[in-house]
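Hi,

Here is the structure I promised to pass on. My notes follow right below it, so you can read them with the model open.

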Amino acid sequence: MGIMASIHKKLLGTAVKSLARYTPGLLIDKAYDRVKERIDKEIPYPEGRDWVLKMFDVMRKKFPQLSRYVREKAVDVFLIKAEIEGAKKRAALKEKLGYWAPFLFVVSPTMRCNLRCYGCYAGEYTKESDLPWELLDRVMREAKDIGIHFVVISGGEPFIYPHIWDLLEKHNDIFFQMYTNGTMIDKAAAKRIAELGNLLPCISVEGFEEETDKRRGKGHFKRVMAAMDALAEEGALFGYSATATRENNELVSSDEFVDFYQNKGCFIGWYFNYIPIGKSPVLDLMPTPKQRIERRKRLAQLRKEVDLLIADFWCDGTLCGGCIAGGRHYFHINNRGDVEPCVFCHFACDNIRDKSLVEIIDSPFFRSFRRRQPYVTNLLRPCAIIDNPHVLREAVRENNAHPTHPGAEQVITDFAPFLDKYAEEYGKLADEEWEKNYLPSYSEQERRILLDYLNWVKKENERIFAPREVKA
Ligand code: SF4
């Protein structure tokens with residue numbers, strides 16, 4: 001039984017729902033104590049355990065500042081629906097499929113945007129290219145049927161999508177996280193977000209005023225600050241997101257930067273590594289292998305020190321056992337309905353118009369990724385695109401996956417030599433870091449449990465996700 005399910009059982013099912021409504025702070029405290037008691041048995045990744053405890057800790061501290069609706073939804077939807085009730089449905093699906101279905105997915109209902117940032121091509125999209133509301137609505141209903149109550153909205157600028165508020169209101173039993181440029185969050189929108197309670201917007205920043213305005217236009221940083229102030233005032237849960245490039249890698253992982261956004265009231269800080277995907281990518285913007293190693297160390301240290309939940313999409317494979325793509329923990333539905341194994345793998349075999357979520361999760365393309373996970377047992381090298389680029393190439397070729405936008409194929413063609421070289425250089429540094437610093441920072445017993453577990457998962461995945469015979 002998972003940690004959250006055991007809390008549910010211990011606190012007697014339906015009584016938990018009333019607690020969530022009237023005394024959510026008490027429930028968070030109880031959940032925290034129970035998680036602490038059981039976490040060693042449930043999560044084999046030492047840093048993953050610390051991260052979950054940190055999430056509870058930061059949430060408990062934030063609770064008094066949040067609106068009552070946000071507190072209620074954080075407990076009722078995120079803890080109870082997503083973690084407990086959803087887990088029961090996912091367990092039932094596991095019986096059928098033979099493996100766990102994902103906990104979340106990302107959807108980009110529109111690729112349009114109200115800004116014209118340097119290097120972004122959102123301006124080329126039209127309203128006609130948006131995901132139709134009926135289709136998005138169907139996907140949400142289907143997701144809940146299989147126990148998914150946590151959805152991330154990306155884009156494009158999600159607030160430009162005409163049905164965004166319909167989505168948040170109608171599916172108020174889903175907890176949403178959203179990546180947004182923040183420009184459409186005025187006082188009224190912040191109030192609405194705090195009243196709905198089921199949305200955590202993460203606002204993109206490039207650094208401070210100079211760096212953010214340079215990429216997004218003069219005055220943008222001030223608008224972001226105003227949006228964050230409005231969200232904090234209304235008691236909403238929000239965060240920042242930053243893409244680390246060769247130019248801002250040190251800045252976005254500095255004490256000064258993290259302290260600044262913590263003081264603005266952010267709950268979470270999400271980091272991404274610039275990688276050469278999208279239209280006309282600039283290879284030289286990708287942080288060097290050494291920069292990436294340093295950022296990981298800095299952010300891992302800062303995570304212990306600040307009252308802010310820090311997560312780095314490329315450097316935190318140690319939290320979750322490596323790559324989460326292909327339906328292991330998530331997948332991405334783009335604005336055309338193509339289902340990609342990961343937000344950054346722009347290839348697909350299936351479209352949500354033609355198939356159900358379960359069919360796609362169990363598709364040969366997704367199984368190709370899962371069969372190979374973890375690609376290596378060094379969790380500092382998790383990625384199928386930049387750390388193990390052969391994995392993406394093999395999965396695409398084996399399944400004849402198509403690129404989901406013009407130019408997407410470059411990552412496995414024109415940029416292959418660049419990525420192979422990067423993977424080799426980064427791999428050497430990451431192996432050294434893993435052996436000399438990462439593993440020795442844990443006890444011998446913790447190391448043994450971790451490595452035995454990873455080797456076991458690798459073998460199990462090869463067995464469970466073995467290619468199926470094609471019927472004649
Ligand atoms: S493919 Fe890379 S970016 Fe995508 S989930 Fe896996 S590790 Fe993350």
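V107 stands opposite I333 in strand 8. Strand 1 (residues 104-107) runs parallel to strand 8 (residues 332-333), and two bridges join them; strands count as paired if DSSP finds at least two bridges between them. Helices (H or I, at least four residues) and strands (E, at least two) are DSSP runs, numbered from the N terminus.

Before going further, please keep in mind that this is a predicted model: local features need pLDDT of at least 70, side-chain atom pairs count only at pLDDT 80 or more, and totals for chains, interfaces and linings use all residues. Residue numbers start from 1 along each chain as its sequence is written.

Now the sheet as a whole. It is open, has 10 strands in the order 7-6-5-4-3-2-1-8-9-11, and its pairing is mixed. Strand 7 (309-312) and strand 11 (350-351) are at the edges with a single partner strand each, so one side of each has no neighbour in the sheet. Helix 5 (residues 68-97) packs on the sheet, where it touches strand 2 (150-153) and strand 3 (175-180), and its direction makes about 110 degrees with that of strand 3. Contact here requires C-beta atoms, placed from the backbone, within 7 Å. Axes are lines fitted to C-alpha atoms, for helices over the stretch in contact, with angles from 0 to 180 degrees between N-to-C directions.

On to the helix pairs. Helix 3 (residues 24-42) and helix 4 (residues 46-62) pack at about 170 degrees, with their axes 10 Å apart. That makes helix 3 roughly antiparallel to helix 4 (angles over 145 degrees count as such, under 35 as roughly parallel, 65 to 115 as roughly perpendicular, the rest as oblique). Residues making the contact include I28, Y32 and V35 of helix 3 and V52, L53 and F56 of helix 4. By class, this contact has nine nonpolar, no polar and five charged residues (Ala, Val, Leu, Ile, Met, Phe, Trp, Tyr, Cys and Pro are nonpolar; Asp, Glu, Lys and Arg charged; the others, Gly among them, polar).

The axes of helix 8 (residues 187-196) and helix 10 (residues 220-234) come within 8 Å and cross at roughly 40 degrees, which makes helix 8 oblique to helix 10. Their contact divides into five nonpolar, no polar and three charged residues.

Finally, the ligand: F313, C323, I324, A325, C342, F344, C345, P382, C383, A384 and I385 surround it (C-beta atom, placed from the backbone, within 6 Å). This shell has 11 nonpolar, no polar and no charged residues.

Best wishes

Terms used: Contact = placed C-beta atoms within 7 Å.
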